[in-house]
Amino acid sequence: MKNTAVKAKDTAAKARDRAVTLSGPSPNTATNLAIADIALRGGTFLARRAMEHALLGKRYTPEKAKQILRGRSFTQSMVHTMIARMALGSVPGAALVVGGLAAKTLFERSRARKERARGESQIADMAEEGEGESDLVPTLTK
């Protein structure tokens with residue numbers, strides 16, 4: 001048992017020593033932080049777009065899905081960003097957001113027929129607003 005504990009401590013010490021000497025592509029730490037931030041944000045953006053396309057792709061053609069995503073208003077995007085930040089900011093914020101989304105889902109399920117029609121109407125409006133705009137939404141191929 002002692003040998004295992006000693007080996008684990010030695011391994012942790014070696015890992016710490018390597019981490020201290022590890023550096024990014026630039027000798028400037030601020031530049032390395034900026035590179036990591038940009039890479040993470042870009043990756044998150046692409047993953048989010050892929051998920052949105054996948055969710056819409058089950059029901060709509062790829063062109064219609066692009067129109068829907070382009071048709072979102074700036075206000076909608078900002079509200080969704082603020083809600084996500086609140087959920088990530090604290091445990092009470094996460095509980096509030098998750099509880100609110102669960103309540104909204106349960107309420108909509110109780111009124112499934114009306115909510116389905118309302119959702120289709122909103123999606124149609126978003127697709128109509130997204131027609132002919134610049135293509136900021138990347139095309140995902142299967």
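**Exercise 1. Which helix is Met82 found in, and what does its surroundings' surface look like?**

Step 1. Place the residue. This is a predicted model, and in it Met82 sits in helix H4.

Step 2. Check its exposure. Met82 has 54% relative accessibility, so it counts as exposed, the cut-off being over 50%.

Step 3. Look for partners on the surface. Met82 joins Val79 and Ile83 in a nonpolar surface patch of about 250 Å².

**Exercise 2. Work out the overall fold pattern from the secondary structure.**

Step 1. Count the elements: there are six helices and zero strands.

Step 2. Write them in sequence order, and you get α-α-α-α-α-α.

Step 3. Add some whole-protein numbers. Of the 142 residues, 15% are buried. The accessible surface comes to about 11,500 Å², and carbon and sulfur atoms own 64% of that.

Step 4. Ask how the contacts are spread along the chain. Take the contacts with a separation of 6 or more: 57% of them involve residues 24 or more positions apart.

**Exercise 3. Take the salt bridge between Arg72 and Glu52 and describe where each partner sits.**

Step 1. Start with the general idea. Side chains of opposite charge can pair when their charged atoms come close.

Step 2. Test the distance. The closest N and O atoms of Arg72 and Glu52 are 2.8 Å apart, so the pair passes the 4 Å cut-off for a salt bridge.

Step 3. Locate both ends. Arg72 lies in the loop between helix H3 (62-70) and helix H4 (74-89), while Glu52 belongs to helix H2 (residues 29-57). The two are 20 residues apart, and the pair links distant parts of the chain.

Step 4. Compare exposure. Arg72 is partly exposed at 23% relative accessibility, whereas Glu52 is buried at 15%.

Step 5. Widen the view. Arg72 and Glu52 also belong to a salt-bridge network with Arg48 and Arg49. For the protein, the count comes to nine salt bridges.

**Exercise 4. Now try two salt bridges inside helices: Glu108 with Lys104, and Arg118 with Glu115. How many residues separate the partners of each pair?**

Step 1. For Glu108 and Lys104, the N to O distance is 2.4 Å. Both lie in helix H5 (residues 91-110), four residues apart, which is about one turn of the helix.

Step 2. For Arg118 and Glu115, the N to O distance is 3.1 Å. Both lie in helix H6 (residues 112-130), three residues apart, again about one turn.

Step 3. Sort the partners by exposure. Glu108 is partly exposed at 24%, and Lys104 is partly exposed at 44%. Arg118 is partly exposed at 44% too. Glu115, though, is buried at 11%.

**Exercise 5. Find out which residues of H3 are buried and what covers them.**

Step 1. List the buried ones: Ala65, Lys66, Gln67, Ile68, Leu69 and Arg70.

Step 2. Identify the cover, which includes H2 and H6.

Step 3. Zoom in on Gln67. Gln67 has a relative accessible area of 14%, so it falls under the 20% cut-off and is buried. Leaving aside neighbours within four places in sequence, Gln67 touches Met126, Ala127, Gly130 and Glu131.

Step 4. Go to the other side and pick Ile123, in helix H6. Ile123 counts as buried at 18% relative accessibility. With neighbours within four places set aside, Ile123 is in contact with Tyr60 and Ile68.

Step 5. Get a backbone distance. The C-alpha atoms of Ile123 and Leu69 are 9.2 Å apart, with their positions 54 residues apart along the chain.

**Exercise 6. Which residues lie nearest the centre of the largest pocket, and which helices help line it?**

Step 1. Get the size: the largest pocket has a volume of about 2,100 Å³.

Step 2. Go through the lining, which has 45 residues. Nearest the centre are Glu52, Leu69, Arg72, His80 and Met126.

Step 3. Assign helices. H2, H3, H4, H5 and H6 each supply at least two lining residues.

Step 4. Tie back to earlier exercises. Among the residues nearest the centre, Glu52 and Arg72 form the salt bridge from Exercise 3. Leu69 is one of the buried residues of H3, and Met126 is among the contacts of Gln67.

Key: Residues are numbered from 1 along each chain as its sequence is written. This is a predicted model: local features need pLDDT of at least 70, side-chain atom pairs count only at pLDDT 80 or more; totals for chains, interfaces and linings use all residues. Side-chain values use heavy atoms; hydrogens and water are left out. A salt bridge is a side-chain nitrogen of Lys or Arg within 4 Å of a carboxyl oxygen of Asp or Glu. Buried means under 20% relative accessible area, exposed over 50%, partly exposed in between (1.4 Å probe, protein chains only). Contact means heavy atoms within 4.5 Å. Accessible areas come from the Shrake-Rupley method with a 1.4 Å probe; for residues, only the protein chains shown count as cover. Patches are made of residues with over 30% relative accessible area and no salt bridge: like charges are joined within 9 Å, nonpolar side chains (Val, Leu, Ile, Met, Phe, Trp, Tyr) within 5 Å. On a 1 Å grid over the protein atoms alone, a cavity is a set of points where a 1.4 Å probe fits but cannot get out, and a pocket is an open set with protein on both sides within 12 Å along at least five of seven lines; lining residues have an atom within 4 Å of a point. Grid points are joined across faces, edges and corners, and a volume is the space filled by probe spheres set on the points.
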